[in-house]
Structures are given as C-alpha cells and as structure tokens.
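Open the model in your viewer and keep the sequence panel visible. The stops below say what to select next and what is there.

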Amino acid sequence: MVTFGELMMRLTPPNYSRIVQTTEFQAVFGGGEANVAASLALFGHKVQFVTKLPENDLGTSALRHLEQQRVHTDFIARGGERLGLYFLEQGMSVRPSQVIYDRKNSSIAKARQEDFDWEEIFEGADLFHTSGITLGISDAAREIALTAIKAAKNRGIKTSFDINYRSKLWGMEEAREAIKSILPYVDICFGGYLDAVNILGLKSSVSDGNREKLYEDLFQQICTFYGVKKVICTYRETHSVMKHSLTGYLYSRGEGILTTDSQTFDILDRVGGGDAFAAGYLHGHISGWSDEDSLTFALGASVLKHTISGDANLATEREVRAFLEHKGVSGIVR
C-alpha cells in the first residue's frame with residue numbers, strides 16, 4: 001500500500017493545559033496519510049509513505065518515527081525549507097479542543113513533480129491513499145496528488161481518498177473545485193453528510209430524521225456523478241468534549257447501504273480517529289473481508305484510537321477484535 005501526504009510535528013501542552021499558560025509541549029509526529037500508513041503497517045501490511053522532509057535533524061527524526069512504526073520510507077524525498085508544525089490544545093469538559101497550524105512553506109508544500117517517480121513507487125502496489133488535507137496544503141502538493149492518483153488508476157491500483165476538509169487550510173470554494181477534480185479517479189471515498197452537501201453541493205429530498213436513507217441517497221449520487229465505488233463515513237454524536245458516540249455507514253454502488261451499531265466511549269485523544277477508521281476499513285477490504293466485517297472493524301479501530309495518546313492508532317488487529325467481542329473492557333487482560 002502507498003499513502004501520500006504531509007508528516008508534521010504535533011506540539012501539545014501537557015495535562016490539558018491551554019497554550020497561553022503552558023511552559024512546555026509534548027512533541028509527537030502525525031498527519032492524515034501517515035497515520036493511515038502507521039495503522040496499516042501495524043495490521044501487517046507493507047506500506048510506503050511518500051512525502052518530502054527537510055534535510056535536517058527534524059526531518060531525520062520524523063523519518064525515524066515512521067521506521068519505528070514499520071512504515072517503509074524508500075521514496076521519501078529530502079530537501080525544502082522546513083517541517084510543518086501544528087499545535088493542539090486538548091479540550092476538557094465543556095472547553096473544546098483547538099488546532100493552530102504552522103505549516104506554510106513546509107517541504108511537501110514546496111515539493112516538485114520530479115521529486116517523485118510514481119512508476120517506481122507504484123511497482124507492485126495494491127492500493128493508493130491520499131486526502132483532501134494534502135490537496136489543501138498548496139497548489140504544488142495538489143498537483144502532485146492528482147498526478148499520483150491518475151498514475152495509480154492507470155496501473156489498475158485501487159484508489160482511496162478521504163475528503164477531510166480543513167477550514168483552516170483553505171476556503172470552501174477552492175476545496176470544492178479541487179475535490180471534484182480528484183473524485184473521478186477515486187474508488188473508495190471516505191466522506192460524510194457535510195462533505196456531500198457543503199462541498200459537493202448535493203441535495204436530497206429524504207428527511208433528516210431518516211439518516212440511513214438520507215446517506216444512501218447522497219452517497220448514491222456521489223457514486224453516480226463521479227464513478228466512485230464506495231462511500232464510507234462515521235456519524236458522531238457529541239455528548240461532551242470527553243464522551244462521544246460513533247456509528248459507521250458504508251454505501252456500495254449497486255448494493256445499497258450498511259450500518260453498524262453505535263459505540264459510546266470516553267476520549268483521551270480524538271486526533272486521528274478518522275484515520276484509524278479509514279485504515280481499519282482498508283485493512284479489511286484489501287484482506288478480502290466482506291464490507292460488513294470491514295466496516296465493523298473500522299469502527300472498532302476508530303473507537304480504540306480515541307483512547308490512545310498521539311496521532312496514530314497503536315491498536316493491533318487482535319486488540320480491535322477483542323474490543324468488538326467485549327473482552328477486557330472492564331478489567332486487566334492478564
């Protein structure tokens with residue numbers, strides 16, 4: 001599997017402190033596609049993460065982080081000005097979390113097409129994954145991502161795309177144009193109701209009270225308009241900053257919609273939950289599981305990620321399965 005995107009350093013005040021009051025930060029590495037890569041590697045797949053990192057100690061540290069996660073780094077370009085940063089202030093009780101980006105002119109934002117030989121990168125690959133976050137980094141990153149997904153499609157490689165709109169990266173109109181341009185090359189799309197309505201401009205006559213039928217109608221339109229084969233998402237209910245519920249939905253072209261049972265859980269670290277969900281589904285899909293089993297596993301992986309500190313999901317397939325079977329939830333696994 002191949003994923004393409006930006007790897008950043010995340011800086012978080014400890015103990016749920018606010019940025020304005022802290023005197024120290026905890027540093028970890030993360031990024032949408034890098035998180036997917038790390039999770040897939042932990043599930044036992046050979047994964048190449050493709051990006052560009054600066055030729056300095058921060059870039060080398062980021063590279064070592066990937067290698068520690070068993071992610072292959074053969075095709076990571078080196079050079080450019082800097083490693084992207086983001087600051088995460090974790091919420092508590094009624095106070096929401098917030099993110100501040102410091103990633104302008106990062107190495108991947110200023111990368112060039114010639115930094116990546118997609119013919120060599122895709123040799124023997126089964127799947128390619130990228131996201132709307134990468135499209136929003138810069139014009140250069142957007143063009144490289146489009147070149148990559150076209151190359152993958154031409155080679156018959158399955159393609160996966162997470163819409164992942166980030167309002168702090170770019171405006172809705174610019175995002176709409178870019179995402180519409182990449183969807184015709186996408187087989188598996190991770191995106192939800194707000195993406196369908198706000199970004200793609202789709203409408204439905206189905207009542208909001210019938211969520212399953214509403215999602216089926218909107219996702220069917222995405223498949224019809226753009227040739228996408230599957231649209232997958234979660235529905236999140238927020239009970240408090242620290243307690244959420246998730247339900248998984250999957251629409252497969254010509255086969256209708258599937259849904260999971262809802263899971264309610266407490267949150268240690270919300271960041272990366274969507275990436276864990278995507279990786280969980282892709283693991284099942286590429287392993288030949290049914291859509292129902294893959295979707296259930298994806299939801300379990302996402303729920304467990306919310307209990308793990310850092311950007312990447314560190315739960316193994318065995319641990320996800322144990323959680324889904326309700327083993328070890330209320331005690332110590334000895």
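Two strands pair if DSSP finds at least two bridges between them. Helices (H or I, at least four residues) and strands (E, at least two) are DSSP runs, numbered from the N terminus. This is a predicted model, in which local features need pLDDT of at least 70, side-chain atom pairs count only at pLDDT 80 or more, and totals for chains, interfaces and linings use all residues. Residues are numbered from 1 along each chain as its sequence is written, and side-chain values use heavy atoms, with hydrogens and water left out.

**Stop 1: strand β9**

Select residues 127–131, which form strand β9. Buried means under 20% relative accessible area, exposed over 50%, and partly exposed in between (1.4 Å probe, protein chains only). Five of the five residues of β9 are buried, so the strand is largely enclosed by the rest of the structure. In a regular strand the side chains alternate between the two faces of the sheet. Here Leu127, His129 and Ser131 point one way, while Phe128 and Thr130 point the other way.

Now add strand β10 (residues 158–162), which pairs with β9 in the parallel sense over five bridges. Leu127 stands opposite Lys158 of β10. Then add strand β1 (residues 2–4), which runs parallel to β9 and is joined to it by two bridges. In this pair Val2 is opposite Phe128.

**Stop 2: strand β13**

Select residues 243–252 for strand β13, where nine of the 10 residues are buried, so this strand too is largely enclosed by the rest of the structure. Which strands pair with β13 in the antiparallel sense? One is β12 (residues 230–240), over 10 bridges, and another is β14 (residues 256–259), over four bridges. Strand β15 (residues 263–266) also runs antiparallel to β13, with four bridges.

To check the pairings, label three residue pairs. Ser240 has Lys243 of β13 as its bridge partner, Tyr249 stands opposite Thr259 in β14, and His244 is partnered by Phe265 in β15. A hairpin of two residues joins β12 to β13. The hairpin of β13 and β14 has three residues between the strands, and Gly254 there takes a positive phi near 85°.

**Stop 3: two helix pairs**

Two packed helices are described by the angle between their axes and the distance between the axes. Axes are lines fitted to C-alpha atoms, for helices over the stretch in contact, and angles run from 0 to 180 degrees between N-to-C directions.

Select helix α9 (residues 273–286) and helix α10 (residues 291–305), whose axes come within 7 Å and cross at roughly 150°. That makes α9 roughly antiparallel to α10 (angles over 145 degrees count as roughly antiparallel, under 35 as roughly parallel, 65 to 115 as roughly perpendicular and the rest as oblique). Contact means heavy atoms within 4.5 Å. Among the residues making the contact are Gly273, Ala276 and Phe277 of α9 and Asp291, Ser294 and Leu295 of α10.

Next, select helix α5 (residues 139–154) and helix α6 (residues 172–182), with axes that come within 10 Å and cross at roughly 15°. That makes α5 roughly parallel to α6. Asp139, Arg142, Leu146 and Ile149 of α5 make the contact with Glu174, Ala178, Ser181 and Ile182 of α6.

**Stop 4: Gln68**

Finish at Gln68, in helix α2 (residues 57–68). Is Gln68 buried or exposed? At 62% relative accessibility, Gln68 counts as exposed. Ala38 is 30 residues from Gln68 in sequence and 9.3 Å away in space, C-alpha to C-alpha.
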